[in-house]
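This report describes the chain from its overall form down to a few individual residues. The sequence and the structure follow, and the text after them is best read with both in view.

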Amino acid sequence: MPSDRNDLPTSADIFCAAQTVSAAVHRTPLIRSQSLDQLGGANLWFKCEHLQKVGAFKARGATNAVANLPDATQMVATHSSGNHGAALAWAAAGRGLPCIVVMPETAPRAKRVAVQGYGARVVTCGPSLAEREAALKAVVEETGAHIVPPFDDSRIIAGQGTVALEVVQQCRDQGFTPDVIVAPVGGGGLLAGVGLAMAALAPDVLVIGAEPAGADDAQRSLRGGVHITTQEPHTIADGLRTTLGRRNYTVIRRTVRDIVTVSENGIVQAMQLLWTRTKQLVEPSAAVGLAAVLEHGARFRNKNVAIILTGGNMDLDRVSGLFAGVQE
């Protein structure tokens, strides 16, 4: 790993991370659905990171970050809407380290319960990124904890990028290489890691990001060439409400072909399709990749498309309310 967590990660860091995390995380399956192929007009493969440890791809980055902590670290802390917090709490517990997670008051209850279940202490704050960072700063000043950011960190980016190595190998085991990989983007740890991995491993494969239209800072940053650091997100995809990290933006500019946006209705419809056609319980953020294929069909038609399903943690008591607003 880079000597300083503020350095940009390299493709070599991802290959090192793959060795680091392999014993701790699942090699999640790559599945298909003939009916979704027909709906999408493409050959779709779904990388099931909702079946990962802690129910999300975040276990990869957290495992890699904890494995590369300074030797003197006695406690870790972060801010998170849920999945990264749970992943860090889980990884820290495996090393016997206490963990504090700053969570916005708008975080789903299921994710808060999960973070606490893995042994972390939760500190509640306001929903904005500025409020999250201010609360985390206060925690660190009080405790001296080592910060493991949710996405803007080389160790995290490298860990998340290991999912792309698995996707390529699993596709090759079936006799093909994907034409496109689609990954949701919020803070950008996953998309940056996937982009960096594919640039080294299979540079002809297009890497496309997908995000809600109500939280489109990543698309505007990439297409406009200026990093947008503030926004007021409006989306049910709680895991994608953060703004793009600085390191993430730099890596994404170099390695990602484009970022597309999707509607709220499209997210819910895609989630419903994944639940009913593949029997996979995914959260709204994880459905954004399929929504992108369905809403931007011309970009993916007749191509081999790998879509990363990022997580499966949500409040099930909200399901009926989500689906009630879907337009058939």
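The chain holds 14 helices and ten strands, in a model that is predicted. Its C-alpha trace spans about 55 × 45 × 35 Å along the principal axes. For 328 residues, a compact globule would be expected to have a radius of gyration near 20 Å, and the value of 18 Å found for the chain agrees with this.

The interior and the contacts can be described in the same general terms. Of the 328 residues in the chain, 59% are buried, and among contacts with a separation of 6 or more, 73% join residues that are 24 or more positions apart. The accessible surface amounts to about 12700 Å², with 48% of it belonging to carbon and sulfur atoms. As for charge, there are 30 positive and 29 negative side chains, and the centres of these two sets lie 3 Å apart.

**Two residues with positive phi**

Two loop residues stand out by their backbone angles. Lys279 has a positive phi of about 65 degrees although it is not a glycine, and Asn302, likewise a residue other than glycine, has a positive phi near 65 degrees. Lys279 belongs to the loop that runs between helix H11 (264-277) and helix H12 (288-295), whereas Asn302 sits in the loop between helix H13 (297-300) and strand E10 (304-309). Are these residues buried or exposed? Lys279 is exposed, because its relative accessible area of 64% is over the 50% cut-off; Asn302, with a relative accessible area of 65%, is exposed as well.

**Buried positions**

Other residues lie on the buried side of the scale, and their values are collected here.

| Residue | Relative accessible area | Class |
|---|---|---|
| His50 | 7% | buried |
| Cys48 | 0% | buried |
| Cys171 | 0% | buried |
| Ala291 | 1% | buried |

His50 is found in the loop between strand E2 (43-48) and helix H3 (58-67). At 7% relative accessibility it counts as buried, because the cut-off for that class is under 20%. Which residues does His50 contact, once its neighbours within four places in sequence are left aside? They are Gly55, Gln280, Leu281, Val282, Leu309, Thr310, Gly311 and Gly312.

Ala291 is part of helix H12. When neighbours within four places in sequence are set aside, Ala291 is in contact with Val262, Gly266, Ile267 and Ala270. Ala291 and Ser263 are 28 residues apart in sequence, and their C-alpha atoms are 8.1 Å apart in space.

**Cysteines**

The count of disulfides comes to zero. Why is the sulfur of Cys48 not bonded to the closest cysteine sulfur, in Cys171? The two sulfurs are 12 Å apart, which is too far for a bond, because a disulfide calls for sulfur atoms within 2.5 Å. Seen from the other side, Cys171 is in no disulfide, and the nearest cysteine sulfur to its own is that of Cys48. Cys48 is buried, with a relative accessible area of 0%, and Cys171 is also buried, again with a value of 0%.

Definitions and conventions
Residues are numbered from 1 along each chain as its sequence is written. This is a predicted model: local features need pLDDT of at least 70, side-chain atom pairs count only at pLDDT 80 or more; totals for chains, interfaces and linings use all residues. Side-chain values use heavy atoms; hydrogens and water are left out. Helices (H or I, at least four residues) and strands (E, at least two) are DSSP runs, numbered from the N terminus. Buried means under 20% relative accessible area, exposed over 50%, partly exposed in between (1.4 Å probe, protein chains only). The radius of gyration is taken over C-alpha atoms; the globule rule is 2.2 Å times the number of residues to the power 0.38. Contact means heavy atoms within 4.5 Å. Accessible areas come from the Shrake-Rupley method with a 1.4 Å probe; for residues, only the protein chains shown count as cover. Lys and Arg count as positive and Asp and Glu as negative; His and the chain ends are not counted. The place of a charge is taken as NZ of Lys, CZ of Arg, CG of Asp or CD of Glu.
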